[in-house]
Amino acid sequence: MQRIDTHHHAVPDDYLKLLRKSGIDAAGGRAVPEWSPEGSLEVMSEVGIATAILSVSAPGTTFLPNPADAAALARDLNDHVAGVVAADPARFGFFATVPMPHVDESVAEVVRSLDELHADGVVLLANAAGVYLGQDGQDDLFAALDARSAVAFIHPAELPGPAVEGVVPFAADFLLDTTRAAYLLVRNGIRRKYPNIRFILSHAGGFVPYAAYRLAMAIVGDTGRNPTDVLDDFAGFYFDTALSSSAAALPSLLAFAKPGHVTFGSDTPFAPLEVSKLFAAGLEAYPGLDADTRAAIDRTNALALFPRLAT
């Protein structure tokens with residue numbers, strides 16, 4: 001078991017109870033699953049995962065509109081998951097939850113989680129209650145992350161608008177949500193202004209690798225920036241393979257991402273074990289990968305982001 005899974009979710013029992021009490025039983029059109037560290041370890045054994053970097057998925061804290069309530073929930077979640085990691089640091093890491101869109105409270109939790117709890121990074125929803133990552137007013141958050149050379153895992157949420165009947169949000173809307181956030185981070189200069197943040201885009205970046213040139217031309221037309229620089233900003237994201245290591249998606253991803261910028265992702269436990277195994281098998285069987293490249297995606301690329309796991 002060598003893989004480092006950068007897209008692996010935790011759903012603590014108290015959080016699941018709070019979601020259900022708030023009338024939330026699904027995320028992205030999928031039922032919020034029960035979870036335990038033991039359950040994750042079973043999946044990890046089946047999929048060849050040595051270490052899973054845990055994160056709380058959508059809706060995060062966004063269903064609590066009061067900033068103090070959202071901040072308190074983020075603290076509780078991070079304390080809980082940090083305890084899971086402390087009990088088995090070789091098998092688990094974690095991305096800390098931050099209570100966006102509340103910037104001041106989010107900065108405080110970034111500082112606490114990274115400096116005191118020693119989180120491996122943070123998870124940021126592409127949009128938090130309709131406020132997209134990369135929009136104006138978030139510089140304090142990015143400055144705190146940049147000062148710590150933090151890893152920021154960007155995970156989609158449901159689009160800020162009504163769902164389309166028959167279109168399950170996780171199938172298409174999640175990909176658009178990630179793409180919108182990536183677009184704004186490039187278009188509004190966040191990638192250039194805060195170069196020390198290592199952003200990981202979920203699900204192979206949504207539509208980014210496939211549509212990068214189209215996205216870049218729109219930004220060039222809007223801002224007058226150099227197209228080479230814009231494309232470099234897009235290619236400089238990290239991309240996980242969760243639900244994306246297929247013969248159709250991998251060619252675009254590998255052709256576009258910078259070398260060393262693709263990491264393994266399983267999307268456990270939202271993706272059933274059979275699905276995670278199916279996409280892992282797709283990565284293993286893909287004929288365009290040599291052994292070194294496959295090993296880099298499975299493990300080596302993540303070690304550059306999380307050097308503590310090398311020991």
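1. Both faces of strand 6 are covered in this predicted model, with Gly121, Val123 and Leu125 buried on one side and Val122 and Leu124 buried on the other. In a regular strand the side chains alternate between the two faces of the sheet. The count for strand 6 is 5 buried residues of 5, so this strand is largely enclosed by the rest of the structure.

2. The setting of strand 6 is an open sheet of 8 strands, ordered 1-4-5-6-9-10-11-12, in which the pairing is parallel. At the edges stand strand 1 (3–9) and strand 12 (262–263), each of which pairs on one side only. Strands of a sheet pair through backbone hydrogen bonds, either parallel or antiparallel.

3. Which strand is joined to strand 6 by 3 bridges? The partner here is strand 5 (residues 92–97), and the two run parallel. Within this pairing, Thr97 has Val123 of strand 6 as its bridge partner. Strand 5 and strand 6 also belong, together with helix 4 (residues 103–115), to a β-α-β unit, and that unit is right-handed.

4. Strand 6 also pairs with strand 9 (residues 151–155), again in the parallel sense, and here 4 bridges are found. Two positions of strand 6 can be followed across to this neighbour: Val123 stands opposite Phe153, and Leu125 has His155 as its bridge partner. Val123 is therefore a useful residue to locate when inspecting the model, being buried in strand 6, with Thr97 as a bridge partner and Phe153 opposite it in strand 9.

5. Strand 9 is itself covered on both faces, since Val151, Phe153 and His155 are buried on one side, as are Ala152 and Ile154 on the other. With 5 of its 5 residues buried, strand 9 is largely enclosed by the rest of the structure, so the description given for strand 6 can be repeated for strand 9. The sheet continues from strand 9 to strand 10 (residues 198–201), to which it is joined by 4 bridges in a parallel arrangement; in strand 10, Arg198 is the bridge partner of Val151.

6. Turning to enclosed space, a search of the whole structure finds 4 cavities of 30 Å³ or more. The largest cavity has a volume of about 100 Å³, and of the 13 residues that line it, Gly60, Thr97, Val98, Val123 and Leu125 are the closest to its centre. Which element gives the most to this lining? Strand 6 does, with 3 residues. By class, the lining of the largest cavity comprises 8 nonpolar and 5 polar residues, and no charged residues.

7. Among the open spaces, the largest pocket has a volume of about 530 Å³. Its lining consists of 26 residues, and those nearest the centre are Phe170, Leu175, His203, Leu243 and Ser244. Helix 6 (173–187), helix 8 (208–223) and helix 10 (249–256) are the elements that give two or more residues to this lining, and the largest share, 3 residues, comes from helix 10. Sorted by class, the lining of the largest pocket has 17 nonpolar, 7 polar and 2 charged residues.

8. The second largest pocket holds about 190 Å³ of space. Of the 15 residues that line this pocket, Ala58, Pro59, Thr62, Ala157 and Glu158 lie nearest its centre, while the elements giving two or more residues to the lining are strand 2 (26–27) and strand 7 (127–128). The lining of the second largest pocket divides into 10 nonpolar residues, 4 polar residues and 1 charged residue.

9. A last point concerns a single side chain, that of Ser40, which is placed in helix 2 (residues 37–47). Is Ser40 buried or exposed? Its relative accessibility is 0%, and because buried means under 20%, Ser40 counts as buried. The side chain of Ser40 nevertheless has a polar partner, making a polar contact with the side chain of Trp35 at 2.7 Å.

Methods:
Residues are numbered from 1 along each chain as its sequence is written. This is a predicted model: local features need pLDDT of at least 70, side-chain atom pairs count only at pLDDT 80 or more; totals for chains, interfaces and linings use all residues. Side-chain values use heavy atoms; hydrogens and water are left out. On a 1 Å grid over the protein atoms alone, a cavity is a set of points where a 1.4 Å probe fits but cannot get out, and a pocket is an open set with protein on both sides within 12 Å along at least five of seven lines; lining residues have an atom within 4 Å of a point. Grid points are joined across faces, edges and corners, and a volume is the space filled by probe spheres set on the points. Ala, Val, Leu, Ile, Met, Phe, Trp, Tyr, Cys and Pro count as nonpolar, Asp, Glu, Lys and Arg as charged, and the others, Gly among them, as polar. Buried means under 20% relative accessible area, exposed over 50%, partly exposed in between (1.4 Å probe, protein chains only). Two strands pair if DSSP finds at least two bridges between them. A crossover is right-handed if, with the strands pointing away from the viewer, the path from the first strand over the helix to the second runs clockwise. A polar contact is a pair of N or O atoms within 3.5 Å; within protein, one must be able to donate a hydrogen and the other to accept it, and residues adjacent in sequence count only if both atoms are side-chain atoms.
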